[in-house]
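Student: I have a structure open on my screen and would like to practise reading it. Could we go through it together, one question at a time?

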Amino acid sequence: MSQGNVATSVTNLKLKFAGEDALLFKGVSLAFRQGEKTLLLGPSGCGKSTLLQVLSGLIPGSIDVPMIADGIQVPERWGFVFQDPDTQFCMPYADEELAFALENQNVPRERMPALIRDYMDQVGLKLDDLHAPIQAMSQGMKQRLAIASALAMKPDVLFLDEPTALLDPEGTDQVWCTIRALPPEMTMIVVEHKIEGVLDLFDRVVVLAPDGSIMADGDPDEVLERHRSELQRYGIWYPGAWDDHLRDKAEAVKPGPSQPILLRMERFKGKRGSTVVIQADKAAAAAGDWIGITGPNGAGKSSLLLSIMRLLKTEGRCEVAGRSAGRTEQAARQAAFVFQNPELQFVANSVRDETEYSLAVRGDDPASRRRAADEWMDWLGLRDLADRHPFQLSTGQKRKLSVAAAVIGGQRLLLLDEPTFGLDASSTFALLDKLEQLRAGGAAILMITHDEKIAEHYCTKRWRIERGRLRDEAVFSP
């Protein structure tokens, strides 16, 4: 690592979002040397993503946020991977997205096909047709494409905002292998929650406290050892966080064998246009089941949940609580659905109104709606944000809000598409424990996850989806 030139820096940064009284940063100063590999840690909502956007010049250059600083050094060539890959694509097709990056570097057209394939291979993005529509790709596949596009820019500084949050284990390993092979002179600043097994990649760890101040900055091993108690107190992921949680976690009460069936599928298919994207020959979920849905990116996991909710065209039998789901409105009365992208389900202008929305539609009185919303916001640490617009939340906070708003209605079938991605440790464990309470109370949970710890310690069953088909784990006796 070079000890000389500064690659990017900010001095005495003060920043706040419109409509907020408090400053997010109250005089933060940081500098990153050329070739330095830095891991940026902190609880959800502390400003990690915002800091990356300031250092890259996106704030205030492209995103208008009130801020002042004594100085900002923005790198000339940089690449950025956002938490939500949909926010950064410029083109409608995968090969065109990479070609766009190459055109900006004046790469000759005849060299592009080989380079496009090479960058896709680096991140494990396997496409039969390179001219695949991005909109039809899974979120995990989109995330790989976003990383490939950033690498294609040949940046001096690479900003990565949770680059593996949506990836399956194979994809996660592939991305970290790619990152390990980057040129040593490339500077890298990474926001990441999944840090087990990759700490050796980093020269430095910077930890932000909940108020955006710098809590620690230094050698990774030294920071994580010296500040372990603060990491635990603020709910920041650290090596061993799962072990500490499981040590304190009471064993779940498993349901008895004769629970009512809440979901039944037979010869069920979900389709996009005329193409079958998911099929389940025979499967069921009973009250008290917590079913972990696993499988590689693009296998059809999200398509299964979308089909159950009738958000895709379907064929075959699918009953929710003993009745044919029919249309989406009918399915929603019995099943709560959390999208993989939380912004897709927000309809209100404040966190409180979003949390209460389904209860208001149902006709609950204002007092009972407020009590229920307060309980969920307190549980997930959202009460202080009750008046904030949902789109002003961090990704982790959006995720918590999307779960609260979906399941507050008390439906017994919960369909959750990666509800823990982007969450810090305390939020993850609080959400899992709340879901365990609902399961023990008679709910059935179908939850897509790439987290093996969740599948092992919380799920009562597993369904695996491969190449658009629900495998044998889902078979039941009529």
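Student: At roughly what angle do the axes of helix α9 and helix α15 cross?
Tutor: Keep in mind that this is a predicted model. Two packed helices are described by the angle between their axes and the distance between the axes. Here α9 covers residues 241–248 and α15 covers residues 425–440, and their axes come within 11 Å. The crossing is right-handed, and its angle is roughly 35 degrees.

Student: How many residues of the contact of α9 with α15 are nonpolar?
Tutor: Let's list them by helix. From α9 come Ala241, Trp242 and His245, and from α15 come Phe429, Leu432 and Asp433. Of these contact residues, 1 is polar and 1 is charged, and the nonpolar ones number 4.

Student: Which cluster do ring pairs build, with Trp242 and Phe429 in it?
Tutor: We have just met both of these residues in the contact of α9 with α15. The structure holds 11 aromatic pairs. Some of them link up into a cluster made of Trp237, Trp242, Trp290, Phe429 and Tyr458.

Student: What kind of aromatic pair do tryptophan 78 and phenylalanine 159 form?
Tutor: These two rings sit 81 residues apart in the chain, with tryptophan 78 in strand β6 and phenylalanine 159 in strand β7. Their centres are 6.4 Å apart, and the planes make 75 degrees. Planes over 60 degrees apart count as edge-to-face, so the pair is edge-to-face.

Student: Is phenylalanine 159 buried or exposed?
Tutor: Its partner, tryptophan 78, is partly exposed at 27% relative accessible area. For phenylalanine 159 the value is 0%. Buried means under 20%, so phenylalanine 159 is buried.

Student: Why is the pair of phenylalanine 346 and phenylalanine 391 called tilted?
Tutor: The ring centres are 6.2 Å apart. Stacked needs planes under 30 degrees apart and edge-to-face needs over 60, so anything else is tilted. The planes of this pair stand at 50 degrees, so the pair is tilted.

Student: How far apart in sequence are the parts that phenylalanine 346 and phenylalanine 391 tie together?
Tutor: Phenylalanine 346 lies in the loop between β16 and α12, while phenylalanine 391 lies in the loop between α13 and α14. Phenylalanine 346 is buried at 12% relative accessible area, and phenylalanine 391 is partly exposed at 46%. The pair ties together parts whose separation in sequence is 45 residues.

Student: Over which ring does the charged end of lysine 434 sit?
Tutor: Another example helps here: the charged end of arginine 233 sits over the ring of tyrosine 234, 5.0 Å from its centre. For lysine 434 the distance to the ring centre is 5.0 Å, and the ring belongs to tryptophan 376.

Student: Why is helix α10 described as largely enclosed?
Tutor: The buried residues of α10 are Lys301, Ser303, Leu304, Leu305, Leu306, Ser307 and Ile308. The helix runs over residues 301–308, so it is largely enclosed by the rest of the structure because its buried residues number 7 of the 8.

Student: Which residues does serine 149 touch, not counting residues up to four places away in sequence?
Tutor: Serine 149 is found in helix α5, residues 139–152. At 8% relative accessibility, serine 149 counts as buried. With those sequence neighbours set aside, serine 149 touches Glu97, Leu98 and Ala101.

Key:
Residues are numbered from 1 along each chain as its sequence is written. This is a predicted model: local features need pLDDT of at least 70, side-chain atom pairs count only at pLDDT 80 or more; totals for chains, interfaces and linings use all residues. Side-chain values use heavy atoms; hydrogens and water are left out. Axes are lines fitted to C-alpha atoms, for helices over the stretch in contact, and angles run from 0 to 180 degrees between N-to-C directions. Helices (H or I, at least four residues) and strands (E, at least two) are DSSP runs, numbered from the N terminus. A crossing is left-handed if the near helix is turned anticlockwise from the far one by less than a right angle, and right-handed if clockwise. Contact means heavy atoms within 4.5 Å. Ala, Val, Leu, Ile, Met, Phe, Trp, Tyr, Cys and Pro count as nonpolar, Asp, Glu, Lys and Arg as charged, and the others, Gly among them, as polar. Rings of Phe, Tyr and Trp (its six-membered ring) pair if their centres lie within 6.5 Å; planes under 30 degrees apart count as stacked, over 60 as edge-to-face and the rest as tilted. Buried means under 20% relative accessible area, exposed over 50%, partly exposed in between (1.4 Å probe, protein chains only). A charge sits over a ring if NZ of Lys or CZ of Arg is within 6 Å of the ring centre and within 35 degrees of the ring normal.
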